[in-house]
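Student: I'd like a close look at one helix and the things around it. Could you walk me through it in one go?

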Amino acid sequence: HEASRRSKAELLVQLDGLESTQGSGNILFLASTNLPWSLDPAILRRFHKKILVHLPEEEERLCILSQCLTTEVTFPPSLDELRRLAKDTVDYSGSDLTLLCREAIMGAIRRTERDESLYISISMLMEAKDKVKPSSESKKKFVEWNKKFGSY
């Protein structure tokens, strides 16, 4: 707990330092969180703009899944299968989807016996989905927080 307190104090000092040097250059400090309601009020005050970025829609989820699973050594399932998975991951954030893909790829690595291309099946992704749950709270809670503190 003491280390957390010291880290928070140091962050506040650094943020105040950024504000005092504004005339010497353009600095953009960007931060994100899945739990904005747990931010310390002193830290929250130092961010002038607070913008709610909504969870990805189905097409965006499909794009994230496809990009995460298409590498030099991995091959994703068909687009139709990925589209079904995208429909099935409604409350997942981009980070959750990336973690889901990593879990499926790790499952494929565990199953392979030699250095070969990894074909990721929809069943591997469904197994990963059983392990990786959405990290975000209810959308209502985000909307309420945004109404209270958000800039947009």
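Student: To start at one end of that helix, how does F149 count by relative accessibility: buried, exposed or partly exposed?

Tutor: F149 counts as partly exposed, at 31% relative accessibility. The cut-offs are under 20% relative accessible area for buried and over 50% for exposed, with partly exposed in between (1.4 Å probe, protein chains only). Before we go on, keep in mind that this is a predicted model: local features need pLDDT of at least 70, side-chain atom pairs count only at pLDDT 80 or more, and totals for chains, interfaces and linings use all residues. Residues are numbered from 1 along each chain as its sequence is written, and side-chain values use heavy atoms, leaving out hydrogens and water.

F149 also has a ring partner, so let's look at the aromatics. There are 3 aromatic pairs in the structure. Rings of Phe, Tyr and Trp (its six-membered ring) pair if their centres lie within 6.5 Å; planes under 30 degrees apart are called stacked, over 60 edge-to-face, and the rest tilted. One of the pairs sits elsewhere: F75 and Y119 have ring centres 4.9 Å apart and planes at 20°, so they are stacked. F75 belongs to strand β1 (residues 74–75) and Y119 to strand β2 (residues 118–119), so this pair ties together parts that are 44 residues apart in sequence. Helices (H or I, at least four residues) and strands (E, at least two) are DSSP runs, numbered from the N terminus. F75 is partly exposed at 33%, while Y119 is exposed at 58%.

Back to our helix: W145 and F149 have ring centres 5.2 Å apart and planes at 35°, so their pair is tilted. Both lie in helix α7 (residues 139–149), where being 4 residues apart separates them by about one helical turn. W145 is buried, with a relative accessible area of 13%.

W145 has company on the inside, since the buried residues of α7 are F142, W145 and N146. They cover an arc of only 100° around the axis, taken from the directions from the helix axis to the C-beta atoms, which puts them on the same side of α7. Three lysines, K140, K147 and K148, are exposed on the other side. What do the buried residues of α7 pack against? Their partner is α2 (41–45), where contact means heavy atoms within 4.5 Å.

The helix also helps to wall the largest pocket. A pocket is an open set of points on a 1 Å grid over the protein atoms alone, where a 1.4 Å probe fits and protein lies on both sides within 12 Å along at least five of seven lines; lining residues have an atom within 4 Å of a point. The largest pocket has a volume of about 1300 Å³, with grid points joined across faces, edges and corners and the volume being the space filled by probe spheres set on the points. Its lining has 42 residues, and A31, S32, K49, K50 and I51 lie nearest the centre. α1 (2–20), α2 and α7 each give at least two lining residues, and α7 has the largest share, with 5 residues. By class the lining has 22 nonpolar, 13 polar and 7 charged residues. Here Ala, Val, Leu, Ile, Met, Phe, Trp, Tyr, Cys and Pro count as nonpolar, Asp, Glu, Lys and Arg as charged, and the others, Gly among them, as polar.
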